[in-house]
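Work through the exercises below with the coordinates loaded. Each task is followed by a stepwise solution.

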Amino acid sequence: MSTPLRKGLTGRFLFVAGVAVATALAAFPAQAADIPAPGEIAKSANIEHVLNVVKPAALTDINTDMAFQDDYAYVGNYSGFSIYDIKKPSRTSLVSSVVCPGGQMDLAVYGDLLFAAVDSSRNNDSCSSVGQSAANKDSWEGVRIFDVKDKKNPKYVKSVETNCGSHTLTLVPGKGRDRRNVYVYVSSYSPSASFPDCQPPHDKISIIKVPLRDPASAAVAATPVLFPEGGNPGETLPYPYRTSATSGCHDITAYPEKDIAAGACMGEGILMDISNPVEPKVTATVRDDENFAFWHSATFNNEGTKVIFTDELGGGTSATCNEAIGPNRGANAYYDIEGGQFAFKSYFKIARHQADTENCVAHNGSLIPVKGKDIMVQAWYQGGISVVDFTDSTKPQEIAFFERGPDNTAPALSGGFWSAYYYDGHIYGSDFNLGLDVLKINDRRTDKAEKVKFGTLNAQTQASYRENGHGHDHGHDH
C-alpha cells in the first residue's frame with residue numbers, strides 16, 4: 001500500500017518542475033519531523049511506484065538478492081526463493097516458491113539453471129535441512145543448483161560443498177571451446193580454527209565448474225588463494241572507525257567480455273584478470289582504512305574504466321545514515337582505473353537522514369544502461385532506492401529516489417531494500433519484509449535505457465550495453 005507523495009517545504013522533499021531537488025536540501029540536517037511515517041512512501045517526482053507484490057507466505061524469512069531472465073524475476077529468501085512473472089511489470093505475479101532454507105540464497109541464473117548460495121551451516125544439503133554447527137565435520141554449506149525450465153515446478157539438481165559456504169556467488173561463462181561450461185565464483189569468509197571445513201586464513205575463493213550438458217557433475221575445480229600475504233590485517237578500533245581484516249571476499253563482480261573482475265574483499269578492493277576463469281590473477285589492490293569498514297560489493301561502469309565499491313558499515317543492521325556517522329562512512333567509493341590501478345575519485349552517500357530505528361547502508365545495485373553515461377540504481381536498506389549519475393566520478397549526483405518510512409512490520413533495524421536492479425525498462429526492489437516492488441523512472445537522462453533489452457541480468461556478471469536496443473546476454477548456452 002502506498003501513500004501520497006509528501007510535498008512542499010513542510011515535508012521532507014521539495015519538487016520543482018517535476019524534478020526532485022533533494023540534493024539542494026542536503027545541507028540541512030534532518031529533523032525527526034522529516035522522517036516519513038512508518039510505511040509512508042517518499043520519492044522524487046521522476047519515480048513511479050508501479051506495484052508491490054507481498055512476500056509469499058511460504059517464505060517466512062527475509063528477501064535477499066535477485067536475478068532476471070526473459071519474462072521472469074527470481075527473488076532469494078533465507079527460507080528459499082520465488083519466481084515471478086514480469087512479462088507485464090504492472091501485473092507482476094508469483095509463479096512459484098521453493099522452500100529450501102539456508103541463508104543468504106543469493107541467486108544467479110544461466111539457461112535453465114538457477115544457482116543459490118548457502119552460507120548457513122546445515123545438517124545436510126537437502127531442502128528439509130536444519131541448522132547445525134560448522135564445528136561438526138558432517139555439516140554442509142555451499143551452492144545448490146536447480147533446474148527452472150518448468151517455472152511452476154523447479155527441480156533440485158545438485159549441491160556442491162565449498163569451504164566456508166557461499167555467502168555470494170558470481171557466474172563466469174566459458175568462452176570458445178569452453179562455452180559448454182559455466183564457472184561459479186564462490187565468495188565466503190569468517191573462518192575459524194574450530195570449523196573443519198573453514199580453516200583460517202582462508203584468503204581464497206572456490207570456483208565450481210558446471211558442465212551445462214551435465215550439471216549434476218558440477219564440482220569444485222579450483223580454490224585460488226587471492227591474498228597469499230594475508231590481506232588487510234584490520235584494526236582494533238571501536239565502531240564505526242574499525243576496518244575489517246581480510247579473510248576472503250564478500251562479493252565479486254565479473255565483466256567476462258573484458259576478462260576482468262572486481263572483488264570487494266572485507267578489508268580491501270581488488271581487480272582481477274579472469275581470462276583463464278579457473279586461474280584468476282589479482283592485478284591491483286586498494287585499501288581505505290580511514291573511511292571503509294567492510295568492502296561489500298563492486299560494480300563496473302559500462303566501459304570497464306571505473307569501479308564503485310560499497311561499504312557495509314555496521315553489517316547492515318545499524319543506523320548509519322545519520323548526522324553522527326556522516327557522509328563518508330557506510331558510503332560508495334568511486335575509483336577510476338588508471339594504468340591498471342585504482343585511483344580514488346569521491347564518495348557518495350544518500351543525503352536523507354534516516355531514523356535511529358532504520359538500518360541503512362550502501363548495498364546492491366546495477367547500471368541503468370544509458371550509452372555515454374554512468375548511471376546506477378542502488379538499494380540502501382531502509383534508506384530506500386537511489387539513482388546516481390556518476391559520469392563525472394569526482395561528483396556523483398543523485399537524480400532520483402524512492403523510500404518508505406520505518407518498517408514497523410518487523411523488529412527495529414531489520415528492514416528495507418536488499419537489492420535494486422534495472423531490468424528491461426523497470427526498477428525492481430527486493431524488500432526484506434514487504435516483498436517485491438516494481439518502479440518506473442521517467443527522466444530524460446535515463447529514457448534511452450528503455451531501448452536496451454538484456455534478456456538476462458545477473459548483477460554480479462556484468463554485460464555491456466549498446467544504444468541500439470540490445471545488451472549482450474550471458475544467460476543462455478548458445
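**Exercise 1.** Divide the residues that line the largest cavity into nonpolar, polar and charged.

*Solution.* The model is predicted.
- Step 1: sort the lining by residue class. It holds 10 nonpolar and 11 polar residues, and no charged ones.
- Step 2: check where Gly goes. Here Gly counts as polar.

**Exercise 2.** Find the cavities of 30 Å³ or more, then describe the largest cavity.

*Solution.*
- Step 1: search the whole structure. The search returns 6 cavities at that cut-off.
- Step 2: take the largest cavity. Its volume is about 270 Å³.
- Step 3: list its lining. There are 21 residues, and Leu457, Asn458, Thr461, Gln462 and Ala463 are the closest to the centre.
- Step 4: assign strands. At least two lining residues come from each of β21 (295–300), β25 (365–367) and β32 (456–457). β25 gives the largest share, with 3 residues.

**Exercise 3.** In what order do the strands of the open sheet with β4 and β29 run, and why does each of these two have a side without a neighbour?

*Solution.*
- Step 1: read the order. The 4 strands follow β4-β31-β30-β29, with antiparallel pairing.
- Step 2: look at the edges. β4 (47–53) and β29 (417–423) each have a single partner strand, so one side of each lacks a neighbour in the sheet.
- Step 3: compute the turn. Neighbouring strands are turned by 20 degrees against each other on average, direction ignored.

**Exercise 4.** How many bridges join β29 to β30?

*Solution.*
- Step 1: count along the pair. β29 and β30 (residues 426–431) run antiparallel and share 6 bridges.
- Step 2: pick one residue. Ala420 has Gly429, in β30, as its bridge partner.

Conventions: Residues are numbered from 1 along each chain as its sequence is written. This is a predicted model: local features need pLDDT of at least 70, side-chain atom pairs count only at pLDDT 80 or more; totals for chains, interfaces and linings use all residues. Side-chain values use heavy atoms; hydrogens and water are left out. Two strands pair if DSSP finds at least two bridges between them. Axes are lines fitted to C-alpha atoms, for helices over the stretch in contact, and angles run from 0 to 180 degrees between N-to-C directions. On a 1 Å grid over the protein atoms alone, a cavity is a set of points where a 1.4 Å probe fits but cannot get out, and a pocket is an open set with protein on both sides within 12 Å along at least five of seven lines; lining residues have an atom within 4 Å of a point. Grid points are joined across faces, edges and corners, and a volume is the space filled by probe spheres set on the points.
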